[in-house]
Amino acid sequence: MTVHIRMDDRVEADRLEDMAQGVVGKPLDRPDGARKASGTAAYAMDSLPDGACFGVLARATIAAGRLEGVDAAAVEALPGVRAVIVDERMLRNPAQGMAGKAPVQDPHEIAYFGQPVALVVAESFEQARHGAIALVLRLEARAGAVVGPDDAGVEIETPEKKQQSSGDLDAAMREAVFGVDQTYTTPVHASAAMEPHASIAQWDEDRLTLRGSYQMLRFNRAELADALGIDEKNVRILAPFVGGGFGSKLGIAPEAVAAAIAAQRLGVPVAVPMSRQQVFEGVMRRSETTQRIRLAAGADGRLTGIGHEALVSNLPGEKFSEPVTQATPFLYRGENRVIGHRIARVNRTCAGSVRAPGEAVGVTMLEIAMDELAAAAGIDPVELRLRNIPDEDPTQQIPFSSHKLAEALRSGADRFGWDRRRTEPGQVRDGEWLVGMGMASAVRVNMLVEAKARVSLSSDGHALVETDMTDIGTGTYAILTQIAAEMLGLPMDRVETRLGDTDLPPGSGSGGSFGAASNGTAVFMACEEIRRMICERFGCEAHDLTLKDGRAIAGNRSVPLAEILGGEDLVAEGHAEPGDAEDKVRQATYGSYFAEVGVNAVTGETRVRRMLGVFAAGRILNAKTARSQCLGGMTFGIGMALTEEIFHDPRDGHIVNRDFAEYHLPVNADVPQIDVVLLEERDAWANPLQAKGIGELGICGAAAAVVNAIHNATGVRVRDLPATLDKVLEGLERQGG
Amino acid sequence: MRTDLTVNGQSRTIEADPRTTLLDALRHHLKLTGTKKGCDHGQCGACTVIAGGRRINSCLSLACMHDGDEVVTIEGLGTPETLSALQEAFVRHDGFQCGFCTPGQICSATAMLEELQAGWPSHVTADVASAPALTVEEVSERMSGNLCRCSAYPNIVDAIMEIAGRGRA
Ligand code: FES
Ligand code: FES
């Protein structure tokens, strides 16, 4: 039996509050923790079937053109090589998130340097790798490929739907007492999940089983089936453990389709692991952005106008474009507004979602601009933000579902010791180090996505939660287990959660921070139905039933669940869907970041000394895993602020730094013992759990706190991220150092 | 070609292509898939194992170079039912999210604590002549060869500090 909820209105009751088990929200260890710590959690490449062959992809080395052919015979003659495959169904790039259908196919048409165009299959990995290196591709380069957003002849689209304006920003800028009009840039970023993409394909007659590293299995199944031209029913995807995603594994990627084609042709299982370099080149990048930001304010710092115009890029024909300005329409007040969005069409690695598409770079730069405004107006940066919190969504003129920015700002300032910050930059010195503090607001839109989950309560009082939802490190195993344990009154070890298998009810998938709320709601609904069935059998009203430690309690009766069930299993499916609530209120999560940095006056090197994040995301389902998500997001912010930058060769667009030696993720020593504070909040508009997403909130402005701290330490304002040593040094020298 | 070695206390024989790395030999030939491949280039530490008592990147080493060696992998440190104290501390402190870098982190930390105990200095040791102290700064410096994109770094440091403080890994 399926019970359904559509979020059209706020929920009446906070049902979880009525429950008795007391596990939701607690900082419990992950149920999957022991497997991860012992190396027994099975990721995509960890379940290699006997007799499997290995496939290694070969890539195009031109920016655009055609693959005329490959010299297959020479490679097929190498020891162990079983096939060289070039197939029209192979993917140009991964599907975009939630596409549900195949992306552009056919390896003969080349759109970027690094595009996978052929697969060499051999008995061993070593043989396949050698074959792929040895394979000679006959490539026909097309003249006039455009590889950079600023190149001559670049085609720029200005989609009408993505432009907005209200009032008269130009006039507001003219009349402003204080104003900012600056252009900021962010470079290309990589998700760089630690597990590289990999797929193992195995056919059983016309049924395909694919073990892969994917975030959104119900969509991935449809995408894979569509790419292969087969019925979805004949595809099963398994991804019980996923070694990180951060957006890079939202859509089916080239290795999955290539593995499926090869396995079918050879009649054996085929594993196709992508190398780290191939992941950099052939998976999604976050587009570089150029952002013109205008802020107009009165003498009191209150904003009268905001302009945020972005230029991003992507391959020709790709629908996704980095939604840089997503939070700008509702973060701060101001009657006069301009939102602009342009897309340059370039022959570069496909652009797609990387953790918090939009806000990660958009809010960050807006928060640097706010720091500039604070400095210009002589107003404390925290105070400036407090003064500009709007009473309702100023663009759509609808109320906020809940709003904790002010509390996050005040509480953060308090805990961090913000009052010790010197307003004048460059005032604090510690030996060679200039020390400063910076802050920024955090904001991320909140979403709900359709999800289903099945819950079974067995007659012996154990529960099983099942959905094809994934746990990509996000804590899904923990929180779904907690929700079911809470609702059914069971200790944690009597609830098992199974994920990552498309044979199970389709969940939302992991993405956009909506996983916990969407799938959690589906589990909650299924449990509500089971509670109803228990009431029926127990003969009590829903509000009289207490479930705790495997017992049902009503009035003065307390009976073990097993007794009530009498040998029967209870099964229910929950189904959550978004509804009109999305249009009635503005839903978002908020927070604040505070950072203290030391900038070396001699070398220009920046070290983050302290960092704090204060976040509100509705009900926190597991305080331990939620905190970890925030640590991860803020560390992405440190990387964005200081080191992360992909370089494309201006001649052919190839990614120059396609490995971890040259693309600099923060390492342990770059990250201080970050503090995270989670505020109490309930959002009745979000879902019956009153919980919102938290996986991305930690990155949505974090880098600005670091960059603003660099300014406070040195007086140097970096507007082109990352704030590498050369830029800081140049600024220091310009100041007359 | 044939390589005889001891893995987690057991004698094992690998018959493999000479190009096979120790990492791929463990994963593909011995089915010890706890050791992970994050880059295959010695840049991430996911493949860290303990060979001859020292932590190494197993992707940077050919299997055939380990004839006669003793290798310890994550499987040799503990099972889900019998976790080592350090593995338990990783669970308690949430020293991971996705868990992919975790076997490498734990192998690395296990050997790192012995290096620290043996008095090896690091980049942040102020006086290289005296025994390095167990500090957050030392631990975080010494663990910087193990990338974690989920960024459990603060929790990894907490887990290691707790166990090192107790004097047993
Ligand atoms: S896989 Fe060996 S260091 Fe990355
Ligand atoms: S736990 Fe995911 S990379 Fe470390």
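In this predicted model, the C-alpha centres of domain 1 of chain B and domain 2 of chain B lie 21 Å apart. The domain assignment places domain 1 of chain B at 2–77 and domain 2 of chain B at 85–166. The contact between these domains takes 17 residues of domain 1 of chain B and 17 residues of domain 2 of chain B. Together the two domains bury about 1,400 Å², with 60% of that area on carbon and sulfur atoms. Of the area that domain 1 of chain B buries against domain 2 of chain B, 42% is supplied by R55(B), I74(B) and L77(B), more than by any other three residues.

R55(B) also takes part in a salt bridge, with E115(B) as its partner and 2.9 Å between the closest N and O atoms. The rule finds one salt bridge across this interface. Six residue pairs are in polar contact between the two domains, both residues of each pair being at pLDDT 80 or more. On the side of domain 1 of chain B that touches domain 2 of chain B, strand 3 (48–51), strand 4 (54–57) and helix 2 (74–77) of chain B each supply at least two residues. Strand 3 of chain B gives the largest share of that side, three residues. By class, the residues of that side are six nonpolar, seven polar and four charged.

**Chain B against chain A**

The interface of the two chains involves 50 residues of chain B in contact with 60 residues of chain A. Chain B and chain A bury about 4,400 Å² between them, 55% of it on carbon and sulfur atoms. Four salt bridges are counted between the chains. One of them joins K36(B) to D46(A), where the closest N and O atoms are 2.5 Å apart. There are also 28 residue pairs in polar contact across this interface, both residues at pLDDT 80 or more.

Several helices of chain B contribute to the side that touches chain A: helix 1 (22–29), helix 3 (85–92), helix 4 (102–117), helix 5 (136–142) and helix 6 (153–166) each supply at least two residues. The largest share, six residues, comes from helix 6 of chain B. The side of chain B that touches chain A has 20 nonpolar, 17 polar and 13 charged residues.

Over all chains, the structure holds 66 salt bridges. Among them is the pair of E644(A) and R149(B), at 2.8 Å from N to O. This pair joins two chains, because E644(A) lies in the loop between helix 17 (623–642) and strand 31 (675–678) of chain A, while R149(B) lies in the loop between helix 5 and helix 6 of chain B. Side chains of opposite charge can pair when their charged atoms come close.

**Domains of chain A**

The domain assignment of chain A gives three segmented domains: domain 1 (2–41 + 449–578), domain 2 (49–142 + 196–281) and domain 3 (356–447 + 586–734). The C-alpha centres of domain 1 of chain A and domain 3 of chain A lie 35 Å apart, and their contact takes 33 residues from domain 1 of chain A and 24 residues from domain 3 of chain A. These two domains bury about 2,400 Å² between them, 58% of it on carbon and sulfur atoms.

Five salt bridges cross the interface of domain 1 of chain A and domain 3 of chain A. R682(A) forms a salt bridge with D14(A), the closest N and O atoms being 3.2 Å apart. The count of residue pairs in polar contact between these domains is 12, both residues at pLDDT 80 or more. Strand 1 (2–7), helix 1 (15–18), helix 13 (476–488) and helix 14 (515–538) of chain A each supply at least two residues of the side of domain 1 of chain A that touches domain 3 of chain A. Helix 14 of chain A gives the most to that side, with five residues. That side has 16 nonpolar, nine polar and eight charged residues.

The salt bridges named so far are set out below.

| Salt bridge | Closest N and O atoms |
|---|---|
| E115(B) and R55(B) | 2.9 Å |
| K36(B) and D46(A) | 2.5 Å |
| E644(A) and R149(B) | 2.8 Å |
| R682(A) and D14(A) | 3.2 Å |

**A sheet in chain A**

Three strands of chain A form an open sheet in the order 5-3-7, with antiparallel pairing. Strand 5 (109–110) and strand 7 (137–141) of chain A each have a single partner strand and stand at the edges, so one side of each is left without a neighbour in the sheet. Strand 3 (residues 65–70) of chain A pairs with strand 7 of chain A over five bridges. L67(A) has L139(A), in strand 7 of chain A, as its bridge partner.

Key: Residues numbered from 1 in each chain as written. Chains lettered and ligands numbered in written order. Predicted model: local features only at pLDDT ≥ 70, side-chain atom pairs only at ≥ 80, totals over all residues. Heavy atoms only, no water. Domains from an automatic or database assignment. Contact = heavy atoms within 4.5 Å. Buried area = accessible area lost by both parts, 1.4 Å probe. Salt bridge = Lys/Arg side-chain N within 4 Å of Asp/Glu carboxyl O. Polar contact = N/O pair within 3.5 Å; in protein donor to acceptor, adjacent residues only side chain to side chain. Helix = DSSP H or I, 4+ residues; strand = E, 2+ residues; numbered from the N terminus. Nonpolar A, V, L, I, M, F, W, Y, C, P; charged D, E, K, R; others polar. Pairing = 2+ DSSP bridges.
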